[in-house]
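Dear colleague,

I am passing on the structure below, followed by an account of what was found in it. Please keep it open beside you while you read.

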Amino acid sequence: MAQVNNSSGMPAKPEIAADARTLVRRAFKGTLASLDTPSGAPYASLITLATDAGGAPLFLISTLARHTRNLVEDPRASILIDGTDAAADPLQGARLTLSGIAEKVHGEAERRRFLARHPEAELYADFPDFSFWRLALEGAHYIGGFGRIVDLAASDLLVSLDGAEALLEAEPGIVEHMNDDHADAIALYALAFTGGDPGPWRMTGIDPDGCDIALGPDGRRISFANRVLTPGDARKELVRLAEEARATAEP
């Protein structure tokens with residue numbers, strides 16, 4: 001299939017970038033491409049994914065794995081995120097290749113956000129051979145079906161965290177509070193704004209542009225109408241979303 005677009009109906013780049021950001025936030029897995037040691041040949045492997053607050057992919061890998069040894073020797077890497085699901089024609093679906101430099105991370109926020117997405121990983125996350133990594137994005141290539149093809153910069157994909165220090169500090173408490181006391185509201189968000197199935201949805205993270213929710217292996221993204229920088233801002237926006245969702249659900 002030729003990757004050429006001459007259609008006047010091509011969506012604007014901001015719209016495509018928004019689709020790409022959502023695809024990253026929803027992903028539970030991806031294909032990691034590293035440079036094999038010592039040959040330098042491409043090596044692809046399956047990894048589980050989450051995102052940091054800014055939207056960069058996080059993954060948990062072992063030093064026993066070939067891809068980890070490759071990244072230690074040469075941190076250049078890419079991650080393919082496949083959003084085609086079980087489409088009859090996968091080439092009409094969305095996929096995104098992220099490129100950048102893989103780096104170890106040691107922050108509690110990254111650990112918490114990954115385990116919120118993959119709670120089963122708590123069984124081995126603290127083994128001495130495992131560590132959390134992030135792909136420091138340098139660019140991306142997005143294909144959203146025939147003709148929806150565009151190169152994206154890191155700035156197109158990442159959320160600015162400037163001024164959001166109070167929100168990020170309060171994130172664990174906000175997520176815990178929403179999951180413990182407002183699970184009904186999270187379920188409403190999923191039904192009203194994402195078309196998700198009914199069920200015990202939980203929040204896995206919040207950032208200035210939105211929040212991430214999950215039901216088993218199904219991840220969804222809830223976008224905020226306005227940029228959120230403080231816990232007070234977050235409360236107002238989450239209440240507004242709940243009211244809107246309830247109004248949508250009313251006959």
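**What was found**

Among the contacts in the protein chain between residues at least 6 apart in sequence, 63% join residues that are at least 24 apart. Please keep in mind throughout that this is a predicted model. The average pLDDT of the protein chain is 92, and 94% of the residues score at least 70. The exception to bear in mind is the stretch of residues 1-8, where pLDDT stays under 50 and for which the model has ten contacts beyond four places in sequence.

As for the overall form, the protein chain has seven helices and eleven strands. Its radius of gyration is 19 Å, close to the 18 Å that the globule rule gives for 251 residues, so the chain is as compact as a globular protein of that length. Along its principal axes, the C-alpha trace spans about 60 × 50 × 35 Å, and buried residues make up 45% of the 251 residues.

Turning to the interior, the largest nonpolar core has 28 residues, and those with the most contacts inside it are Phe59, Leu98 and Tyr142. Several elements each supply at least two residues of this core, among them helix α1 (13-26) and the strands β4 (57-62), β6 (95-105) and β7 (130-143). There is also a second, separate core of 20 residues, which includes Ala185, Tyr189, Ala190 and Trp201.

Strand β7 also holds Trp133, and this residue is worth a look of its own. Is Trp133 buried or exposed? Its relative accessible area is 4%, which is under the 20% cut-off, and therefore Trp133 counts as buried. Leaving aside neighbours within four places in sequence, Trp133 is in contact with a list of residues that includes Pro57, Leu58, Phe59 and Ile61, as well as Ala102, Glu103, Lys104 and Val105. The side chain of Trp133 also makes a polar contact of 3.0 Å with the side chain of Ser131. Although Trp133 and His106 are 27 residues apart along the chain, their C-alpha atoms are separated by 8.4 Å.

Another residue to find on your screen is Asp207, which lies in strand β9 (residues 202-207). Asp207 has a relative accessibility of 0%, and so it counts as buried. Which residue's side chain is joined to that of Asp207 by a polar contact of 3.4 Å? The partner is Arg25. If residues up to four places away in sequence are not counted, Asp207 touches Arg25, Ala53, Val159, Leu167, Asp212, Arg221 and Phe224.

Finally, please look at the strands β1 (residues 29-35) and β2 (residues 42-48), which run antiparallel and are joined by seven bridges. One pair that you can pick out is Ala33 with its bridge partner in β2, Ala44. The two strands form a hairpin with six residues between them, and Gly40 in the turn has a positive phi of about 80 degrees. Pro38 lies in the loop between β1 and β2, and the peptide bond from Thr37 to Pro38 is cis, with omega near 5 degrees.

With best wishes

Technical notes
Residues numbered from 1 in each chain as written. Heavy atoms only, no water. pLDDT = per-residue confidence, 0-100. Contact = heavy atoms within 4.5 Å. Core = buried A, V, L, I, M, F, W, Y, C linked by side-chain atoms within 4.5 Å. Buried < 20%, exposed > 50% of the residue type's maximum accessible area, 1.4 Å probe, protein only. Helix = DSSP H or I, 4+ residues; strand = E, 2+ residues; numbered from the N terminus. Polar contact = N/O pair within 3.5 Å; in protein donor to acceptor, adjacent residues only side chain to side chain. Pairing = 2+ DSSP bridges. Rg over C-alpha atoms; globule rule 2.2 N^0.38 Å.
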